[in-house]
Amino acid sequence: MIGRHRHLIGLEELDRGEILQVLQLAASMKEVLRRPLKKVPTLRGKAVVNLFFEASTRTRSSFETAAKILSADALNWTAAGSSVSKGETLVDTARNLEAMRPDVLVIRHAASGAPRLVAERVGCAVVNAGDGAHEHPSQGLLDAFTLAEHFTRAAGGGPEAAPDFGLLAGKTVAIVGDVSHSRVARSGLHCLPKLGAKVRVCGPPTMIPAGIERMGAEVHHALPDAVKGADAVMMLRIQHERIGDPLIPGTREYSKFWGLNARKAEEWLSPGACILHPGPINRGVELAPEVADGPRSVILDQVQNGVAVRMAVLYLLAGGGEAHV
Amino acid sequence: MSELLFIEGGRVIDPSGGVDGLRTVVVRDGRIAEVAERVERPREARVIDARGRWVTPGFVDLHVHLREPGQEYKETVATGARAAVAGGFTTVAAMANTSPVNDNASVTELVLARAAAAGLARVRPVGCVSRGQKGEELAEYGELKAAGCVALSDDGRPVASPALMRRALEYARAFDLPVAVHEEDPSLAGKWAMHEGAAATRMGLKGMPAQAESAMVWRDVELAELTGGRLHLQHLSTAGSVRALREAKRRGLRVTGEAAPHHLALTDEDLARAGYDTSWKMNPPLRSAEDRRAVQEALADGTIDCVATDHAPHSAVEKDLEFDAAANGIVGLETAFAVCLGLVRQGLLSERRLVEALTAAPARAFGLAAGTLAPGAPADVAVLDPAAEWRVEPERFHSKGRHSPWKGAALTGRCTHTLVDGRLVHGS
């Protein structure tokens, strides 16, 4: 259980205490990742099924790694070559997998709300690994974790200091890109304000969805306005299928006005501001290589923290024994 | 010997005759004989005790999908007509998007034959605007009218081509048929799952802007002016559409409009609260609170002529899916009266106007001889208990459709008896 919740469908329904419960446990999980022997018996005998209806390398591997470190059995079930191509419905697929008695079903699906539909029909815990443009809660949590870690280091903590989540209070995070199609942006908007941070969103007006300000976002269309004074900047991936959607005329113009390169970063960003990206990066479109690989980038920290956060999520939802990690 | 039925003690509300008060309705041989304060009742007359009830003309619904022929697993003419009379409706206009579509006399005749066999509500078929509902050529309106069609509609899909719409409005004048339209600009609407707005943004669902509807309404108001044709605007859901209809009426055009109970009662934020429940998915989608307010006001002031349910049954096969993948459409015949009565209780609509919007006004829009208790009219009557409290249990619907956003809700107001041609077809 995460607080009152049997499932992790979205961060919208989690309160501050529940978010902190996961993040604090993730900090302990991260210590396990630093050990030479990365294996604990916590979830031995538990089964995690990764049910992915959309292509994903990073998120699926992250959940799989997290499950294996906790000694759970992980089964990967992808839509390609499955019965879905034979016309089986989502509910049927989920029920069939449930008959194999997993403890946790991790699901990614192109349709917003699909994990919730599955959660209503199965007995096991369900984790949303990204549904349409709705939410990607484990990403939202790992972003908050990474930001707290960055702010802790900036405040003088050592490289392995435990993140102080209180440091998110009063900070400003700019999310830049195709917010309209981004579940990462939405989970960020549901998470960061609960931890005291302010969120700005920025992109061409065609990529800013109606009513986003009602989710607490401050809306900008000019990149300098969005990033000046921000403590962190999250660049979103521009999906190639959006070009000519027609949301934007092309990547060249997008990159010129909403992409970040070293010159713009130095000119506009605060000295200590870090840069995040949920991956995979379109190098040279939203992010120039020298910025993605530069000193401000915490992109690889995000990947590592993703494993720690997912270990915490699986632990809490699979109902592992004592947290002896 | 003539057959006599007295409906006694009820409050008779018949806006077609300006009646509202305690009256007795006398039915002789299937027709209204008399509506009067005091009538001597012969001993042989049968009686319906309507004390505490409303007695109104049977309701007229200009917009139902009965699914037959072709999708009998969703609904049949008989089950749909049964649902209609259970909801107080005695006349329903059956949309043409069956399989095959109703673009020729043989389909019209089949629907009428099934309705006659069921012997419940009067079913008035609506023929297609375009052959095959393909939006390319005109259907044969003369043949459709001769077979029994009362209007034309490609409902389910918009008439995308302005040129075809112009010719449809013009050509239909030859047969004095209204052209009823589902207004949705397909390009502007795109692939959508709900109304575009803050709720869709939060849910991560693709939104359809309100203007995808109102832009088409404005287009067709202009075409109604160009052609002098009879235009009926179906299931209006936005403030912009209401403005266009108001302007059309100001110009004196032959334009009428309908609103569905769900658009009058619910919003996109209600859908968000229900989660991704596909019993809340329909076309047009539930709109914003401002849109709902505009539609309510337009119904109250008569800009929108009538209530029509857009009763659109589906089976679990189309509905037990991801929200994006589920079919649009909910059932409405058996909840419409109670839902609309809720608007009356909120002070948004007068009782008289509600009854008019369910009886005389829709009959007028399609030119149907229905919706009245005038002496000599067929005795199509609804007896309603405005205080009856009940819980919506879709598994008890007469319709085969089970998808209602009011599933599990407590509603007030229910039809207790329905007469068609003086025959009791619902209640006992």
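**Exercise 1.** What percentage of the 428 residues of chain B count as buried?

*Solution.* The model is a predicted one, and in it 60% of the 428 residues of chain B count as buried, where a residue is buried if 20 or more other C-beta atoms lie within 10 Å of its own. As a next step, consider the overall dimensions: the C-alpha trace of chain B spans about 65 × 50 × 45 Å along its principal axes. A compact globule with 428 residues would have a radius of gyration near 22 Å, and the 21 Å of chain B agrees with that.

**Exercise 2.** Describe how the two domains of chain B are laid out along the sequence and which elements bring them into contact.

*Solution.* Begin with the assignment, in which domain 1 of chain B is made up of 4-54 + 378-399 + 406-426, while domain 2 covers 58-366. The contact between these domains takes 24 residues from domain 1 of chain B and 32 residues from domain 2 of chain B. On the side of domain 1, the elements that give two or more residues are strands E16 (381-391), E17 (410-420) and E18 (423-426) of chain B, and E17(B) provides the largest share, seven residues. By class, that side of domain 1 divides into 13 nonpolar, seven polar and four charged residues.

**Exercise 3.** Characterise the contact between chain B and chain A from the side of chain B.

*Solution.* The contact takes 17 residues from chain B and 21 residues from chain A. Helix H6 (residues 198-203) of chain B gives the most to the side of chain B, with four residues, and the classes on that side are seven nonpolar, five polar and five charged residues.

Definitions and conventions. Residues are numbered from 1 along each chain as its sequence is written. Chains are lettered from A and ligands numbered from 1 in the order in which they are written. This is a predicted model: local features need pLDDT of at least 70, side-chain atom pairs count only at pLDDT 80 or more; totals for chains, interfaces and linings use all residues. Domain bounds come from an automatic or database domain assignment. Two residues are in contact if their C-beta atoms, placed from the backbone, lie within 7 Å. Ala, Val, Leu, Ile, Met, Phe, Trp, Tyr, Cys and Pro count as nonpolar, Asp, Glu, Lys and Arg as charged, and the others, Gly among them, as polar. The radius of gyration is taken over C-alpha atoms; the globule rule is 2.2 Å times the number of residues to the power 0.38. A residue is buried if 20 or more other C-beta atoms lie within 10 Å of its own, exposed if 12 or fewer, and partly exposed in between; C-beta atoms are placed from the backbone.
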